[in-house]
Each structure stands twice: as structure tokens, then as C-alpha cells.
Amino acid sequence: MQSSTVPEIWKTAVVTPVHKKGLTSDVNNYRPISLTCICCKLMETIIKQKTLDYLLSSNLISKHQHGFLSKRSTCSQLLECVDDWTLALHNRYSVDVVYVDFSKAFDSVSHSKLLHKLESFDIGGKLLLWIRDYLNNRIQCVKVGNCFSNYASVGSGVPQGSVLGPLLFLLFINDICDILGDFLSVKLFADDLKVYVDIDSMDKTVRLQNGLDKLGEWSEIWQLNLSINKCLTLHVGEQNPMSSYCIRGLQLANVTETVDLGILVDTRLRFDKHVCNIVHKAHQWAALIKRCFRTRDANVLMKAFTVYVRPLLEYCSPVWNPQYVCHISNIESVQRRFTKHLTGLKNNTYITRLSKLNVDSLELRRLKSDLTLVYCIVHGLTILDCSQFFYVI
């Protein structure tokens with residue numbers, strides 16, 4: 001730190017491709033994770049913590065950003081959005097939501113422009129010089145199996161898989177909320193951006209389009225390209241005028257449902273299709289466990305169910321926790337069917353099986369998750385504002 005230099009070995013990365021979704025034969029469906037020197041990660045951790053303490057104490061990071069920050073998560077972001085949307089529907093308004101996708105955002109960050117933004121946060125001196133050297137002259141190779149590619153230089157981007165990389169990206173994209181103005185609602189989770197507005201008059205659609213025009217200009221200035229073919233518009237509300245929007249002259253696709261941070265959101269905000277999807281996937285994984293595990297020990301199989309199946313049914317459950325009996329029963333059927341085929345439990349009732357396995361029903365677990373979140377909101381253990389969600393008497 002005193003010399004503001006980074007050893008060459010610290011700037012060398014071995015990239016491991018991690019599959020995201022889609023065809024495994026398509027290289028675009030993989031996320032490049034950089035494996036770097038442990039000593040470098042230790043120093044990055046110290047720098048990140050001290051820098052983050054300064055940024056948060058000075059309120060320099062946008063409150064709309066929910067990625068890579070403590071007390072924030074996909075659940076906190078989705079809860080804020082769904083709360084805004086349901087309140088608009090309660091007031092008989094419609095909502096237009098535009099989902100914006102950046103093309104290879106982490107790999108496209110311009111180093112010179114990132115350093116310029118760091119200076120705007122009053123980050124300077126030896127720290128800025130160290131970060132400059134940390135970003136310059138990086139090299140990497142790709143490892144697939146036991147094979148390594150040749151090393152190549154890295155001219156842009158922040159290394160994914162590093163400790164400091166996510167924070168640097170948050171600072172690079174931080175001002176995007178400011179350019180869209182106060183008349184639009186903006187939510188971020190790292191590079192996942194959505195912009196929405198209540199439609200109580202046609203003037204709001206014009207404002208949203210103006211905001212998208214500014215977004216297009218911002219992306220050109222800061223060289224963070226948009227995947228316009230992946231950007232889309234969700235029209236929430238039955239009386240929605242279904243306005244069309246465009247970015248850089250290209251019209252965005254209108255959809256009736258979309259996956260938002262892992263949750264399938266539809267125009268009516270009922271989440272019934274999301275429930276059907278996770279139940280179908282959970283049944284597949286449960287059947288796979290029974291086929292692939294040689295042991296018939298009930299406790300071992302239940303642990304496998306807990307690790308591989310239950311998270312599919314409980315991810316962000318406070319956002320979509322169902323109120324209809326049919327959906328509650330549909331979700332519970334996954335655990336009910338799995339426990340019924342465990343050795344020695346077939347002839348027992350579902351309640352007895354749960355008691356013998358010492359596990360709770362999925363409905364009870366969702367209730368506990370809701371109560372835990374309420375506790376966190378009331379006691380300030382999350383970024384969510386208590387007054388926004390509850391009336392405290």
C-alpha cells in the first residue's frame with residue numbers, strides 16, 4: 001500500500017466458467033469467475049471494508065442498490081417493488097415496468113472512467129493509485145477440466161470472483177439512479193436494473209420514455225452497452241394502456257410475465273405460475289434424489305431433500321407466500337410425497353412422518369420466515385423501512 005503497487009502474481013487470474021442457464025454448449029451461457037491469489041484477496045478484503053464503511057457512513061451509495069451490500073438482498077429489493085406495485089393497484093393505477101439488461105456489464109467497465117468515478121467519491125491518494133495498479137496489466141487464462149488456455153491481457157472490466165470487483169462495479173453504476181430523475185422509481189441489484197412508474201395519466205408514459213432516452217445516452221457515455229433485445233416491458237394491472245417503449249429507437253418487447261431475480265412475476269401479481277414452476281422443479285429434484293442415492297436411510301435422504309429441494313420452494317418466500325389453499329397444498333405435496341416413500345414411514349400420516357423426522361411443514365417454515373423478516377424490519381436489521389410496510393401502534 002505504501003508503494004501503491006500490486007505484485008504481478010496478484011494480477012494473474014485463472015478463469016473458471018460457471019454455467020448460468022440455457023444450453024451448456026453455448027459459451028455465452030457461462031459466467032467467468034476469476035480465481036486469484038489468496039494474499040491479494042486478504043488485502044482486497046481490508047480495502048473493501050474500510051472503503052465501504054466510508055461510503056455508507058457518508059450515504060454515497062444509492063439506497064436503490066441492493067446487490068453486494070449488507071442488510072440488502074434480492075428479497076429486500078423484490079419486497080420494495082411488489083409493495084409499490086400492489087399499492088398502485090390498490091389505488092386503481094397501472095404500473096409499467098421496464099427491465100434493462102446490460103451486455104457483459106462486469107467485463108465492459110472502462111478502467112479510466114472507473115477511476116474518474118472513484119475520484120468523484122473523494123477516493124484518492126495511495127488508495128486510488130493502488131486500485132489503478134490493481135486494474136492495469138491484468139492477465140488471465142481459462143481452465144476447463146485439467147486444460148488451461150494461453151494467458152491473455154485484460155483491458156477492461158472488474159474481475160468477477162474477486163473481493164474488490166463487486167464494490168468497484170457498484171460505484172461505477174451508482175449514478176444511474178440520479179440521471180433517471182425523481183419522477184421514476186429505480187431498483188438495482190448489481191447490474192440488474194428495472195425502472196417503473198405508476199400510470200395515472202399518459203404523461204407518466206412520456207416521462208418513462210424520456211428516462212429511457214437518458215439511460216441510452218448514459219450507457220453510450222460510460223461505454224456500458226445495453227442488450228436491447230433482452231430488455232422488456234411488463235404491464236401490471238388489468239386496465240393498463242399497454243404503451244410501447246423504446247431505447248435508441250428499438251422497441252422493447254411487451255410481456256405478460258418475466259423472471260425477476262429468480263421470481264416469476266406476472267401482470268396480476270398473483271404468483272400462481274411461479275408456484276407451479278417451483279413445485280414442478282422440486283418434484284423433479286426429489287425424484288432424482290430417490291433414484292440416485294443408494295442408501296435408503298430416511299435421515300440421509302431427508303438431509304438431501306433439505307439441501308437440494310427445499311431451497312427451491314423457499315427462495316424469497318416472503319415475496320410470494322401464497323394465500324390460496326390450492327397453492328399451499330400444491331407446495332406441501334412435494335414434501336408430503338417425498339416423506340411417504342421413505343423407509344418405515346409409508347403407513348404413517350403426514351404429521352406423524354414430520355414428527356419422526358423432526359422437520360416442520362413447508363407452510364410453517366414460510367410463516368417462520370415471514371416472522372423473522374418482520375423482526376428484522378422492525379429492529380433495523382435490514383434496509384427496508386419499517387414505516388413503509390407497517391403501522392406501529
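These are my notebook entries on a predicted model.

**Entry: the open sheet**

I began with the strand order. Five strands make an open sheet, arranged β7-β8-β3-β9-β12, and the pairing is mixed. I then looked for the edges. They are β7 (185-189) and β12 (253-255); each has a single partner strand, so one side of each lacks a neighbour in the sheet. From one strand to the next the twist averages 25 degrees.

Next I went through the pairings. Strand β3 (residues 94-100) and strand β8 (residues 192-199) run antiparallel and are joined by 7 bridges. Within β8, aspartate 198 is the residue opposite valine 95. β3 also runs antiparallel to β9, with 5 bridges between them. There valine 97 has leucine 234 of β9 as its bridge partner. On to β12: β9 joins it through 3 bridges, and these two run parallel. Leucine 234 turns up again here, opposite valine 255 in β12.

I checked what covers the sheet. Helix α2 (residues 74-90) lies across β3, β7, β8 and β9 (232-236). The angle between α2 and β8 is about 15 degrees.

**Entry: strand β9**

Is β9 buried or exposed? I found that 5 of its 5 residues are buried, so the strand is largely enclosed by the rest of the structure. I sorted the side chains by direction. Leu232, Leu234 and Val236 point one way, while Thr233 and His235 point the other way. Both sets are buried.

**Entry: the β1, β4, β5 and β6 pairings**

I moved to β4 and its partners. Strand β1 (residues 12-19) pairs with strand β4 (residues 138-144) in the parallel sense, over 4 bridges. Valine 15 has valine 142 of β4 as its bridge partner. Strand β6 (residues 152-154) runs antiparallel to β4 and is joined to it by 3 bridges. One of the matched pairs is arginine 138 with valine 154 in β6.

β4 also pairs with strand β5 (residues 147-148), antiparallel, through 2 bridges. Lysine 143 sits opposite phenylalanine 148 of β5. I looked at the connection too. β4 and β5 form a hairpin with 2 residues between them. In the turn, glycine 145 has a positive phi of about 65 degrees.

**Entry: the nonpolar cores**

Which residues touch the most other members of the largest nonpolar core? The core has 57 residues, and the answer is Phe102, Leu118, Leu168, Ile176 and Leu193. Helix α5 (residues 165-173) gives the most to this core, with 7 residues. I then listed the contacts of isoleucine 176, leaving out residues up to four places away in sequence. Isoleucine 176 touches Phe102, Leu188, Leu193, Leu215 and Trp218. Another core lies apart from this one. That second core has 49 residues, including Trp85, Val97, Phe338 and Leu384.

**Entry: helix α9**

I looked at helix α9 (residues 298-308) for sidedness. Its buried residues include Ala298, Leu301, Met302, Ala304 and Phe305. Viewed down the axis of α9, the buried residues fall within an arc of 155 degrees, so they line one face of the helix. Lys303 and Val307 are exposed, on the face turned away from the buried side. What does the buried side of α9 pack against? I found α8 (272-292), α10 (310-314), α12 (325-340) and α13 (350-357).

**Entry: valine 334**

I picked one residue of α12. Valine 334 is in that helix, and its relative accessibility is 1%, so it counts as buried. Not counting residues up to four places away in sequence, valine 334 touches Val279, Ala282, His283, Phe305, Val309 and Leu313. I also took a distance to alanine 287. Valine 334 and alanine 287 are 47 residues apart in sequence but 9.9 Å apart in space, C-alpha to C-alpha.

**Entry: cysteines**

How many disulfides does the structure hold? I found 0. Cysteine 37 is in none, and the nearest cysteine sulfur, that of cysteine 39, is 4.4 Å away. The cut-off for a disulfide is 2.5 Å between sulfur atoms. Cysteine 37 has a relative accessible area of 22%, so it is partly exposed. Cysteine 177 is also in no disulfide; its nearest cysteine sulfur belongs to cysteine 81, 12 Å away. Cysteine 177 counts as buried, at 8% relative accessibility.

Notes. Residues are numbered from 1 along each chain as its sequence is written. This is a predicted model: local features need pLDDT of at least 70, side-chain atom pairs count only at pLDDT 80 or more; totals for chains, interfaces and linings use all residues. Side-chain values use heavy atoms; hydrogens and water are left out. A nonpolar core is a set of buried Ala, Val, Leu, Ile, Met, Phe, Trp, Tyr and Cys residues joined through side-chain atoms within 4.5 Å. Buried means under 20% relative accessible area, exposed over 50%, partly exposed in between (1.4 Å probe, protein chains only). Contact means heavy atoms within 4.5 Å. Two strands pair if DSSP finds at least two bridges between them. Axes are lines fitted to C-alpha atoms, for helices over the stretch in contact, and angles run from 0 to 180 degrees between N-to-C directions. The arc is that of the directions from the helix axis to the C-beta atoms.
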